[in-house]
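Biologist: Before we use any labels for this molecule, I would like to hear the reasoning behind each of them.

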Amino acid sequence: EFVSYENEMQLIDVMAENAKALNLIYNKNDLMAFHMSTKTSNLTILEGMSGTGKSQLINLYAKTLGLDVDNRLKVIAVSPAWTDDSDILGYLDQNTMTYREANTGLVSFLAKAEKEPEKLHLICFDEMNLAKVEYYFAQFLSVLENNADNRILTIYNKSVEDKVINREMCPAEIKLGKNLIFCGTINIDESTFRLSDKVLDRANMICLHKNDFENISFSGDGRIKVFNGNIKFAELTGELNKQENDLLKELDKRLSDINPR
C-alpha cells in the first residue's frame, strides 16, 4: 500500500505502523532520531547489544521508503579481514586493464546512485566494527566531509580510465551525492574494535531504547505501507537564532562537565 506524502511526522507514524505489522517493537523517539540523523549526518551508527533490532530498524526504514524493491538498498556484512578500501571497492587489474570489483558490489551500487540523483539509496555496513573502520572506510571518512558537490570517491587513477575495459560499469571516479545514506550497526564486545575519535567525530551514534515485555505482540499481518514522497535533506542556511544558540551553549556546557574532551 502506498501512502501519499503529507509531512515527515507522517513518515514516523507509518514506520511505527510497519514495525507493528512486522512484529517489531521500537520506541517512537528512536524512529524519529534515526530519520533525523539520516537527514543531517554523513554516517549514522546504531549501537547496542545483539537482538535489540539495529539491523531490523534499517531494514524497516528502507521498506517504508520503498528502497528494497528497486535495488536502492545495499547491506554489506563487514569482514574482520578488511584492512583497506580495496576490500570493499576492489582493484584495477593492470594485466588485463579490467576493474575487479569487490564481492560487496559497492562500486556498482554507487555508480547506480550517481545516475539516479533524485532517488534515495541506502548503504548499511552491518557489524561495522568487526574490522577497523578507520582502515576500510578511510576514503569515505575524508570524502564525506566535503561539500555535497565535491564528494568525489576515487576508484582508480583517472589517467588510465580510457584504457579500462569495463569503465562504463566501474568509472575512475564516482560522485557521492545527497541521495546516499550511509549507516552501520555495531556491537561492543570482545570480538569488535572500539571506534576512534576520528570516526565518532564524523558520525551520529544512536543507542536504541529497551522495551518492556508487556509491549510484545505477534499480531502483525506483514502488510507494509510505502511512504510515497521525497525526503528533503537539511541545508545550513542563515544564522542561528537566539533559541538555537542558547541550546547549543547549554549542551556544550553539560558535555564539558561530563568530559572536557
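The exchange below takes the labels one at a time.

Modeller: Please keep in mind throughout that this is a predicted model.

Biologist: What makes the protein chain as compact as a globular protein of its length?

Modeller: The protein chain has nine helices and eleven strands. Its radius of gyration is 20 Å, close to the 18 Å that the globule rule gives for 261 residues, and therefore the chain counts as being as compact as a globular protein of that length. The C-alpha atoms fill a box of roughly 60 × 50 × 45 Å along the principal axes, and 43% of the 261 residues count as buried.

Biologist: Why is Met97 called buried?

Modeller: The cut-off for buried is under 20% relative accessible area, and Met97 has 16% relative accessibility, so it counts as buried. Met97 lies in the loop between strand E4 (90-93) and strand E5 (98-101), and its phi is near 50°, a positive value in a residue other than glycine.

Biologist: Why does Asn23 count as partly exposed?

Modeller: Partly exposed covers the range between the 20% and 50% limits, and Asn23, at 29% relative accessibility, therefore counts as partly exposed. Asn23 is placed in the loop between helix H1 (8-21) and helix H2 (28-40).

Biologist: What makes the phi of Asn23 worth a remark, given that Asn23 is not a glycine?

Modeller: Most residues other than glycine have a negative phi. Asn23, although not a glycine, has a positive phi of about 60°.

Notes:
Residues numbered from 1 in each chain as written. Predicted model: local features only at pLDDT ≥ 70, side-chain atom pairs only at ≥ 80, totals over all residues. Heavy atoms only, no water. Helix = DSSP H or I, 4+ residues; strand = E, 2+ residues; numbered from the N terminus. Buried < 20%, exposed > 50% of the residue type's maximum accessible area, 1.4 Å probe, protein only. Rg over C-alpha atoms; globule rule 2.2 N^0.38 Å.
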